[in-house]
Amino acid sequence: MNAWFEIRNLHVKLAEGDREILKGLNLSVNEGEIHAIMGPNGSGKSTLAYTIAGHPAYEVTEGEILFKGENILEMEPDERSRAGLFLAFQYPVAIPGVTVANFLRTAINARIKAEAAARNGGVVPHDVKGIPIPVFTRQLREALEMLKVDNSFAARYLNDGFSGGEKKRAEILQMAMLKPEMAILDETDSGLDIDALRIVSEGVNLLHQQNPRMGVLVITHYQRLLNYIKPQFVHVLIDGRIVESGGPELALHLEEKGYDWLKEPEATA
Ligand SMILES: Nc1ncnc2c1ncn2[C@@H]1O[C@H](COP(=O)(O)OP(=O)(O)O)[C@@H](O)[C@H]1O
Ligand SMILES: [Mg+2]
């Protein structure tokens, strides 16, 4: 039986050169579960996030990633998103010239059209319209309110000159608007002060309450984020492999003891 979201024996190398970063990673997330992956810097956490998203800098040499029974590695990045996957990145890119609102509306409309096309033999029916503006505006206003950001935020160019906290809010805003089935958040805590951390985490928690079937994978170096987004399962990633899995107590143990006790003896010597 497949898990709902399942990574099997994933090996990933940098597309340029021969360096292998992920060395046989396994992970299963079921509907509604919140998992955390923790690990020291350089262990491959962001590589995992980028690989799930389909970033061309990373090449899968072995293994599979199944989502609802389909191997997403065979899908284009936009198809992965339409399948219900969402990734919030550690370093989101700026898109000068495209406002937050326009970006969101374009993304929602692309999904509506693609879904209609999928039901219509691959062709977008000509009567398919995008999301009605009043509906979009209302949803956007609600999401901005939830993240405690001013309405003017939506008129700014995406991530262009954003502070660390604004970038994270923009990511969670996208998540609120796109309503994914599986959300993967890479280092959502980096660059956030405690207030911003709380708001972003509350946003994620609220979205999970609104859709209790949504799976969440939180990727973080620090335990602190997990005080706000509470995972049921914690996994430790070291040198491209999950070396330990447990419950929430594992995160606390790592906070206290660090990562060294899990490293290979030769690696710490
Ligand atoms: N695009 C890239 N180009 C060169 N090296 C990379 C790239 N992505 C990751 N790496 C290297 O792979 C290793 C794992 O990086 P990363 O996945 O970012 O780790 P983490 O997010 O756990 O800190 C690091 O040694 C990093 O320098
Ligand atoms: Mg990283």
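Start by selecting ligand 1 and Ser-43: an oxygen atom of the ligand sits 3.2 Å from a polar backbone atom of Ser-43. Keep in mind as you go that this is a predicted model.

Stay with ligand 1 and add two side chains. Lys-45 places a side-chain N or O atom 2.9 Å from an oxygen atom of the ligand, and Arg-19 has a polar side-chain atom 2.7 Å from a ligand oxygen. To fill in the surroundings, show the other residues around ligand 1, including Leu-14, Ile-21, Pro-40, Asn-41, Thr-47 and Tyr-58.

Next, move to Glu-33, in the loop between strand S2 (20-29) and strand S3 (34-38). Which side chain of opposite charge is nearest to this buried residue? Select Arg-213 and you have it, but at 13 Å away, and Glu-33 has no salt bridge. What the Glu-33 side chain does reach is the backbone nitrogen of Asn-30, at 2.9 Å. Beyond its neighbours within four places in sequence, Glu-33 is also in contact with Ser-28, Met-214, Gly-215, Val-216, Gln-232 and Phe-233.

Now for the nonpolar interior. The largest nonpolar core holds 51 residues, and Phe-136, Leu-140, Leu-173, Met-175 and Leu-185 have the most contacts inside it. Colour helix H5 (residues 164-178) to see the largest share of this core, 7 residues.

Then zoom in on Met-175. Leaving out residues up to four places away in sequence, Met-175 touches Phe-86, Pro-180, Ala-183, Leu-185, Val-204, Leu-207 and Met-214.

For a last stop, select Val-29, Met-75, Leu-85 and Met-182: they are among the 28 residues of another core, which lies apart from the largest one.

How values were computed. Residues numbered from 1 in each chain as written. Chains lettered and ligands numbered in written order. Predicted model: local features only at pLDDT ≥ 70, side-chain atom pairs only at ≥ 80, totals over all residues. Heavy atoms only, no water. Helix = DSSP H or I, 4+ residues; strand = E, 2+ residues; numbered from the N terminus. Buried < 20%, exposed > 50% of the residue type's maximum accessible area, 1.4 Å probe, protein only. Lys, Arg positive; Asp, Glu negative; His and termini not counted. Salt bridge = Lys/Arg side-chain N within 4 Å of Asp/Glu carboxyl O. Polar contact = N/O pair within 3.5 Å; in protein donor to acceptor, adjacent residues only side chain to side chain. Contact = heavy atoms within 4.5 Å. Core = buried A, V, L, I, M, F, W, Y, C linked by side-chain atoms within 4.5 Å. Near = heavy atom within 4 Å.
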